[in-house]
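Let's take a friendly walk through this structure, one helix contact at a time. Please keep the viewer open as you read.

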Amino acid sequence: MATIDGRPAQYGISLKQLRELMEHRGREGVAMICEFGGIHELCKKLYTSPNEGLSGSKADEEHRRETFGSNIIPPKPPKTFLTLVWEALQDVTLIILEVAALVSLGLSFYKPADEDAPVLQEEEEHHGWIEGLAILISVIVVVIVTAFNDYSKERQFRGLQNRIEGEHKFSVIRGGEVCQISVGDILVGDIAQIKYGDLLPADGCLIQSNDLKVDESSLTGESDHVKKGPDVDPMVLSGTHVMEGSGKMIVTAVGVNSQAGIIFTLLGAAVDEQEAEIKKMKKEAKKASKQANKSLTGESDGRTPMKGSQTQAQASSQRQPVSEGTKSESDGNHVPQSSSTSAPAETGHKKEKSVLQAKLTKLAIQIGYAGSTIAVLTVIILIIQFCIKTFVIDEKPWKNTYANNLVKHLIIGVTVLVVAVPEGLPLAVTLSLAYSVKKMMKDNNLVRHLDACETMGNATAICSDKTGTLTTNRMTVVQSYICEKLCKVLPTLSDIPQHVGNLITMGISVNSAYTSNIMGGQNPGDLPIQVGNKTECSLLGFVQALGVKYQSIRDEIPEDKFTRVYTFNSVRKSMGTVIPRPNGGYRLYTKGASEIIMKKCAFIYGHEGTLEKFTRDMQERLIREVIEPMACDGLRTISVAYRDFVPGKAALNEVHIDGEPNWDDEENIMSNLTCLCVVGIEDPVRPEVPDAIRKCQRAGITVRMVTGDNINTARSIASKCGILRPNDDFLILEGKEFNRRIRDTNGDIQQHLIDKVWPKLRVLARSSPTDKYTLVKGIIDSAVSENREVVAVTGDGTNDGPALKKADVGFAMGIAGTDVAKEASDIILTDDNFSSIVKAVMWGRNVYDSIAKFLQFQLTVNVVAVIVAFIGACAVQDSPLKAVQMLWVNLIMDTLASLALATELPTPDLLLRKPYGRTKPLISRTMMKNILGQALYQLFIIFSLLFVGDLILDIESGRGQELNAGPTQHFTIIFNTFVMMTLFNEINARKIHGQRNVIEGLLTNPIFYTIWIFTMISQVLIIQYGKMAFSTKALSLDQWLWCVFFGIGTLVWGQLITSVPTRKLPKILSWGRGHPEEYTDAMNLGEERFDSIDSDKKPRAGQILWIRGLTRLQTQISVPIRVVNAFRQGLDARYGEHTNTSLAEVLRKQTSLSKRLSETSSIEYADNIPDELNIPEIDVERLSSHSHTETAV
């Protein structure tokens, strides 16, 4: 028989049997495992050992991968470059240009018999096709640039996704050793250790568990936590969260065979089918609208798919019990009641989330309207002038060649529109955000949601944890109180009475998670490495310092000997472990926050280890003389206690039992304890934190500390950090007092009461995660301050999830954070360090400023180009800037300028000003002063050149030329001067706060000066060699010097503008003011779903086209945010918006929905949903991206 690594190659159980096994739950699951002979027999069938795990040999691993698959879900292939090109071609303005250019091309070859045509014109006719072709080529260039940007953006986020996946490790036992492996390497047969806060990466059966509770809402929609245990419900599934307790499981299904993977595969297949169906429905919907009368009687084919899908939906819902709750639950919603409201609520929150996105959308739509109006006016004026001149004044009859003239006029109008709409704006936003995200990774900020980066720049409040963020999270016991002796240095075992010493070392070794360990440093001189819970590690270090090996105690009492474990949680603030005593009976060890354990103690070991009653007076004295002084030194105080349950005669501090006590009666079990010791644990403040907090305070950001620690410890650390400043009027509260102040007589939280507390609150001690959430929500909802507060929150625990999600920006700890916290966060701090948050603020402000710089530059170009084209059309019957030239100025230079201005590095000066706030205008008065000032200068120069330039420079005038006449030096000089002024104004645009030195820091940005020089060289080539294609004529050196002179003039003029005091200007000059919440209507444009095809409210196709054209900007701005939905924790439920009913049925057959499903395909499909169709929905909101799934972004 074939063997692998000394064992049979044939497993005792097949992949199919394992898949079937995992479909059972609860008691059924227990029965199924018994059918296989119990959990230990299952381990044998998979050739693994519950205590030793897999052997870890390469051959064994490979064989398991081949047989049961690997823990990777194959990603959806990325969009090809050609697909992206095709998508870029869908833009309305570009389509109009393409059509106009093709018509122009066609007409240039159309030569009707025209006897009157002068011979000269035939010479020019040869070049008639060049302009049409040049426009087509320009469009192609734009499309390729757009596609390339999207392509590189996707690649970047795919890399970011892989980085996030790579970060996700899991504890398994291999070869008897506990090791951390990447979740992709987990195999069937692995013995995995699961603990509070884990996001489970594979399906498995429990071998042993302690107080284990799992949140399966991502699969079942049930919001209650499910109790798990080998005898209750042994099945644990991938994508679910461990909310409490710990345990050990054998992995039975990975990757596509796990419950999450099965659903993921079904969804992938269904989405492809469904795309085809959507296209079909789109076509048939058009037919339906044409045959509206028939469709009323239901005869039309167009209605069938809709009808069909509705009946399908009805049929499948009838299979369920007919309650609304069950239906929504089967659709995968986590809380049945919220199914109807969850979507609007979530989208509402998202809309509010990115202030910049809201402001830019409003601005883009306003510019779009203004530009469209001017473009239409330009076309009308040109056509009317042409008709009056040709048919009224010259009284010529209509000739077919005139169609060409009309097309040329249309092209000029479309070009004005193209110039008016700031194409480069979304690109600038995307580039700026993407560039910042990349750089922020080097600053230990792993950004999961792009908009968080920009929101952070507006932050006005940071609610920070203490442990690990403000402190080093390297905990050590530095003081102890044992047998009435307070030691400021660590005692030796000989200083402690023997029986007390044994109880302390045993109590700490056994009553701490076995995943907490102290490893030796890599080099002999290094500090030991703390693995797992840092507080437990400090206690284990204390045991080691007493000269006892904690591991040998653990080896004697492995986890499977535990009778009961009361795991640590935020309510208990303590942990207890019950083990059997050698002579019968049980012993409970417990440790936790000193004040809490003290209250439960009735006995204490006094002088020389004699047992004494622990009276109320003694407790108060101990708190006053030991615990409070320790806390005032900034130490975290932990008490260790125990209690014996004996079957025979009980001593004073023991309790007599007949049979097994009721372990569920926790209050009774955890009473009358005997106190062993109190230890003071030091967690020093990180050296860089006080400076970082000073920077925040200077930047107008209030830092608050929210901690579970004692109030004295919190006060001490807050003073060391600089959160509490000597002369400030501040408030320090404990969770209980905080709750008392913010609740009314009925116990309900009142916003007006929170408003009395939060402005002065600096430290919230002994707080629960609920208090943290209440505080964050209270600050965000408050209307006390002039602008709404923008709150950032740090969190590491599972229960911090709600606060992290509620905050404008949630920071999770990369090292100490649980998977649940990371999933709920926007940014992961890879070094758990507060000073990294300050860097995030700096980058966020830099993003805002980069976009403001680009806007200042872009709008100057737009205002000038549009006015020149419009007035030129009215006064000269031709635009001085030709279509191709305007495309070059607008698209090429804007794309390049957005790259140049979006990649400016942040400077420490950014932290010297207050946050902008949510209502600050996007374009400040200073910026508007610069825009209008520069526009005036440029318009003055251009119109001077247009009307008297030919006389000044002594060249032939270009005004009043025939439509088909060749390029003139006159108009070439106008075009060249405009580009020179724009180029030099780009240098001016680098400063937006009225600084005089615009050159400062120019050489620190190689991207900027490289692009600037490249644009300048391209311009020289276009002017000298562009000829007919660019409508240019080569210029002499003299003429070039004039153009450059006018260009440099913008720098001098810029200095004059800076001298005008901004304060004197009217406030009306700032643009984009108001609450972002007010603009959400604008953002809804073109995104609405219309309930029914025949709805009266359905906009006409023309309206939709118009809206879509204008909102292209908005979609582009939101693309980066949509891409990042691949990392989202489930804010969007985009996937759900268009998953068809056949899929719903498939999912209903499944027992569950999966957390593992990533929303990746939102980027693929979000734009393709017909607005007119109401597609049945599945709410897969909870099926969100999962940090370890290898997914396509």
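**Following one helix through its contacts**

In this predicted model, the axes of α32 and helix α35 (residues 969-988) approach to within 9 Å and cross at roughly 160°. Since angles over 145 degrees count as roughly antiparallel, α32 is therefore roughly antiparallel to α35. The handedness of this crossing between α32 and α35 is right-handed.

If you would like to see the side of α32 that takes part, select Gln856, Phe857, Thr860, Val861, Val864, Ala865 and Val876. Their partners in α35 are Phe971, Phe978, Thr982, Asn985, Glu986 and Asn988. Sorted by class, the contact of α32 with α35 comprises seven nonpolar, five polar and one charged residues.

Now turn to another partner of the same helix. Helix α25 (residues 689-698) and helix α32 (residues 834-876) have axes that come within 8 Å and cross at roughly 30°. With angles under 35 degrees counted as roughly parallel, α25 and α32 are therefore roughly parallel to each other. What is the handedness of the crossing of α25 and α32? The crossing of these two helices is left-handed.

On the α25 side, the residues to highlight are Val689, Ala692, Ile693, Lys695 and Cys696, which meet Phe834, Ser835 and Val838 in α32. The residues in the contact of α25 with α32 split into six nonpolar, one polar and one charged.

Aromatic rings offer another way into the model, which holds 16 aromatic pairs. Tyr435 and Trp843 make up one of them, an edge-to-face pair with 6.5 Å from centre to centre and 75° between the planes. This pair brings α32 back into view: Trp843 sits in helix α32, while Tyr435 belongs to helix α17 (residues 424-442). The two residues are 408 residues apart, so the pair links distant parts of the chain.Finally, a word on confidence. The protein has an average pLDDT of 77, and 78% of the residues score at least 70. Residues 115-125 stay under 50, and for them the model has seven contacts beyond four places in sequence. The pLDDT is also below 50 over residues 1077-1193, a stretch with 330 contacts in the model beyond near neighbours in sequence. Where pLDDT is low, the predicted coordinates should not be read in detail.

Notes: Residues numbered from 1 in each chain as written. Predicted model: local features only at pLDDT ≥ 70, side-chain atom pairs only at ≥ 80, totals over all residues. Heavy atoms only, no water. Axes fitted to C-alpha atoms, helices over the stretch in contact; angles between N-to-C directions. Helix = DSSP H or I, 4+ residues; strand = E, 2+ residues; numbered from the N terminus. Parallel < 35°, antiparallel > 145°, perpendicular 65-115°, else oblique. Left-handed = near helix turned anticlockwise from the far one by under 90°. Contact = heavy atoms within 4.5 Å. Nonpolar A, V, L, I, M, F, W, Y, C, P; charged D, E, K, R; others polar. pLDDT = per-residue confidence, 0-100. Phe/Tyr/Trp six-rings, centres within 6.5 Å; stacked < 30°, edge-to-face > 60°.
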